[in-house]
Every structure is written in structure tokens, then in C-alpha cells.
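Please open the model in your viewer and keep a selection panel at hand; the stops below go from a strand pairing inside one chain to the boundary between two chains.

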Protein chains: 2
Amino acid sequence: MKQYDFEEERVKQEIIKLGAKRVLIQLPEGLKPEGPYLAKVVHKTGALAIVSADSCYGACDLATTDAESLNVDLIIHYGHSKMLKYERVPTVYVEARATVGVEKVVEKALPLLKEFQTVGLATTVQHVQTLDFVREILLRAGKTVVIGDAGRANYPGQVIGCEFSNAKSIANEADAFLFIGGGRFHALGVALSTSKPTIVADPYEKTAYSIDDEAWKILKQRWACIEEAKNAKTFAVLVGLKLGQKRLEKALSIKRKLEETGKAAVLFAIKEITPESLMEFPTVDAYINTACPRIALDDASKFQKPVLTLNEALVLVNEVSWEKLCREGLFEN
Amino acid sequence: MKQYDFEEERVKQEIIKLGAKRVLIQLPEGLKPEGPYLAKVVHKTGALAIVSADSCYGACDLATTDAESLNVDLIIHYGHSKMLKYERVPTVYVEARATVGVEKVVEKALPLLKEFQTVGLATTVQHVQTLDFVREILLRAGKTVVIGDAGRANYPGQVIGCEFSNAKSIANEADAFLFIGGGRFHALGVALSTSKPTIVADPYEKTAYSIDDEAWKILKQRWACIEEAKNAKTFAVLVGLKLGQKRLEKALSIKRKLEETGKAAVLFAIKEITPESLMEFPTVDAYINTACPRIALDDASKFQKPVLTLNEALVLVNEVSWEKLCREGLFEN
């Protein structure tokens, strides 16, 4: 059995219903290996499948422009829930729910939660269907359980890489968070957004652990990064070219604020923010990234120059204090 | 003095003439360090400059879609001559002619040309203005000189990374080629397209050398690559998403031909073809690249699976012989 539900029947029905002749398949990195197989599923309907082989880290990065350029009738976007308010090209989201069980790993996490009475739950869309069951396990263990529903995500308890409102909305009540899911990326986001102890239950690796040391390390790095950026003379403000990451007005605003504090600032438009692409500009001392805020946070050590999020830049220009930033979140706005 | 002529006055006049309020600056990798400086030049006109920080390897990669997405009135594209027949967004090309002298390095190249009577000249747009002068030096040395003008490039003798018709048009007459310019990329293209001895005169490094051993090595690699691809069961045919690199019809045609020879084939759409992005697909055994043909040729050793050009794929499906391919060029069509 596959680790994820690719909803093959629904996909075929949607293609037939729309009468789509040409379909673009978009997958996040972890699901890309399934691309050729999923193309075959599309071909069974008589439509032509084209697999997008460029990077895709979220529903913010919907391949609308590519779809238009290839005269595609339908995008099938796997692995993320709908995020953009509307799509210029018809789009089907296949959330790729995980088929792996979570019971054992949640039980493994219980000892790590023993000091905490009220536990907040958070997870990615892959595991939202398990939260009721996870709650039951915790209730049986004598815990109080809270699941946030701030109305911005698609499901209660769901978090995405740059949006943790569900977790934040219950951070005051919760003594700690239990995050269900793989990798460290989303769990770190929960810890950094809520400043609460965060335990990870990873059903793929079948391990439970605390992410707090890592979150603390990142916080120290961010502080150092802001301090280093204070010495910078020339800034580049990055404007994202991915569909849901373009914030030109915010970029113009922070450019103005930097100039008011005596810094030079220039706008850069960029789709893929990599250490290599930023290395091409030796006269730039520091970057403000208005695109995906997670890039700088998670890969800070790979970048040779400070790369700040928009919120961190507000600390730099003395509009927000470091304490308030830590309280309200490094990357959400 | 700068190594290249950025035509600052003309750029400012063009911005003013067009009344452009927002300008996108696009630079190839070698010129990217000048981005912040060139933004300042634009700012002097009162327009807002945005520097494109994504990769750009040719005029085929004009940032029209990005310009539209950013509501830009004018693209200033540096380092390449016009290639596309028309632009959806007004575009000024600044060819960035080199200011470095070529006399000494051409004289250094003369001993390497001593066996050859008739010498063909080839260069990039950065040095086309030097060709008459180079011809004089060679004439004085007793050579016969030919400069091709096949009518496809913007200047006689000019070559670009994927288009060597000027060199090919005189390959029968020439005993050898003298290439004026930096790097090995274009010189290799001359050697591979013409199968003639090719001497490089590099005015930046101030060295002259033969590129023939390297061209021969690449030819052997390509032969091995095609042979390896013959064993592949599943192919992905890459469709480029860069403006001048999209050849969907050719991709569909080679997909059909592969299927007729019993291979499985799936279409991939891709903007940045990197070894990392292709590594995401373990079930694909080999790739046919219909986008920039130079990627596979120059970086073959970095790719873990065979990546063939469209012309090489025609050898694979027995439509063209290896000998004909070598005669007519590995990558041009």
C-alpha cells in the first residue's frame, strides 16, 4: 500500500467531468517520485499529463503561469490544501492524506508530555483526520486537549509552513504542543510561533522527541542575524515571483523604511531563493526576504549574508522590539 | 574603467522616452554583480528598478512573465543580443560589449594557427566589434580569413550558445576556427558544430589554447550517453518553461517516437534543469531535453542519468545516424 492516498478515482472523475485534454501534475518534493505513476493514471482518461519537475514547497506556489504557458486545462496539485482564494486555471487539490497509523507513536510521546496537563494538538493536512483519535488517546491518559480553529486554515489543528494561527490561537491555554507529522519543519514552526514546549510524534520514523532545543538554537541564530544586519550598508529586498509569495507593496514599504534609517536598498525579484543566487551580488550586505519566510529561518547557515524575514526587518528599523517579535512570531504577518 | 559598456546614457534615454515608471533589470550570471549599480542608474530617471535575481543564460530566457507579474513597463536585458522575434513587454537589449583589447591575445594565438591557411572567425556579441581588427592581424600574418554571415545571428561571425550557423556556414572553407572570447562554453560549441580545429583567444585570461581535446572528450561522452539511454525503459521528455525554450510539439513528437520503439515516456515541464531536480524521479531511467540543448552537453558528468538532446534522441530512435549527427551538430535544429 502507498504511504499516501492519491485519490486516483476522484482525479479521473474530475478530469472527465471537466473534459480536460491536458493536465499539469504538481507535487511537493517528497511526492515527486510518484509523478510518472500519477501521469499514467491521468493517461487512462485519455488526457495528456505533464509533470511539473520544478520545486514546489506549498500551495502558495501553484503553477498557474506554467499551466497557462502550456495551454493546460487542469492543474492537479498534490500534497497541500487549497490556499489561494481563486485559481486562474481550474485546479484540483489532492491533499495526499497519510495512510500510516499514529497510535503507537502518540503513545511513545506520552512520557514526554508528563509534566504538561493541557496539550494543544497541531498537524499537517496529511494527518488532520487522525486528530480526533489522538485526542482520545490523550484524554485516556488524563490530559486536557485543545485543538485550535482560528478560521484561516482548512481544518482545525492544521498548520502550514508559514501559517500557524490554529496553534497560536490556543497557545495561552496549552501547557505544551503535540505535533503529529514527519520532518522537523512544521514542528519547528509550531514551537517558534507559540513559544511553547513542543513534542513531535513522527509516524514515519516512529519516534517521539522534543523540538525545543532546535527552536531555541534558531531563535539565537535569528537574533545574531538581525544584529549582523544592523551593520549592513546595502540591502536587497527580495520580492517573490511565486504566485502566493509576491508582496511588492510590503517590499516597497520596508525599502522606504530602510532608506529612512540611512541604509541603501534595492529591490530584487526572485523565484528560487538559493544561497548560490544570492552569492552573485557581492555589493549587497544583507537581504530582507518578503517571499517565503521559512527559507532564511531553516537554511540560515547556508546563506553567507544575513537574510531577514519581513517581521525581523521591522526589529532592524526599530519599529518592533525583539521581545514582541518572539511573542508574535518571527515569520507570520 | 568597467570591463563592459553598459550604455548608461542610452538606457536612461530609453526609460525617459517610454515614460517607464517601473523597470526590470535582467543580467546573465557574469554581470549580476553590477545589478545594484545599474539599479541606481535607473533610479536617476525617477523610475523604480527591480533587479531579477533568478538565473539567466540567454536572450531565450527573457523575463517577460515576471515583468507582467510585477507590472513592469520596461525590461532592460543585459549581455545578450535580441533573439525573440517580438516581446510582450517593451525590452531594451544592452549587449554589454567588452572594453578589453584583443590584439595581444590574437597574436598569442597565431603560433597555434600556423598549420592552417584559411581561418574562420567566431565570437560572442561582446566582441563582434573586434572582428575586423582581428581579420587585419591575421591577414598581416599571411592567413586567409572568413567570417560567416548566415543571416540568423545579429552580427557576422557572432555565435550564441545554441546557434552556430555563422560558423557552420564557413566550415567547409575554413581549415580551422579562431574564437575570440572568455570561457570554454562558446568555443566548445564552435568546435562541436563545425568539427574543425578550434583555437581560443581569451582576452580576459590573456591566454590562447586549443579546445579540441575537450570537444573530443565531450563527443565520446555523448556517444556513451546515447548508448546508455538505449537500455532505458522509462523516459521523461523535458519541456522547457523559459520563454524561448518551450518546444512542446517537438516533445510530443519524440515522446511518440520513443513509444513506437517500445519505450515508456512521460512529459515533464521544467524551468531550471538541475541534477537535483532530476534526481527526484527514481523511476525515470533517461531524459530527453527539448529545452536548452547545452545543459546536458556541458554538465553531463553532474547528471546521474543520461540526458540527451533532441538530435541525440533521433539517433536513439534510429532516425539519424551518429555520423550524420556529428556532421550536422549535436544540439542545433
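Begin by selecting A:Leu121, whose bridge partner in β9(A) is A:Leu178. These two residues lie in a pairing where five bridges join β7 (residues 118-123) of chain A to β9 (residues 176-180) of chain A, the two strands running parallel; strands are DSSP runs (E, at least two residues; helices are H or I, at least four), numbered from the N terminus, and two strands pair if DSSP finds at least two bridges between them.

This is a predicted model, in which local features need pLDDT of at least 70 and side-chain atom pairs count only at pLDDT 80 or more, while totals for chains, interfaces and linings use all residues. Residues are numbered from 1 along each chain as its sequence is written, chains are lettered from A and ligands numbered from 1 in the order written, and side-chain values use heavy atoms, with hydrogens and water left out.

Widen the selection to the open sheet of chain A, with five strands in the order β8-β7-β9-β10-β11 and mixed pairing; its edge strands, each pairing on one side only, are β8 (144-147) and β11 (207-210).

Next, select A:Ile50, whose bridge partner in β13(B) is B:Leu267; three bridges join β3 (residues 48-52) of chain A to β13(B), and these run parallel.

Finally, show the whole interface, where 38 residues of chain B are in contact (heavy atoms within 4.5 Å) with 38 residues of chain A. Across this interface the rule finds zero salt bridges (a side-chain nitrogen of Lys or Arg within 4 Å of a carboxyl oxygen of Asp or Glu).
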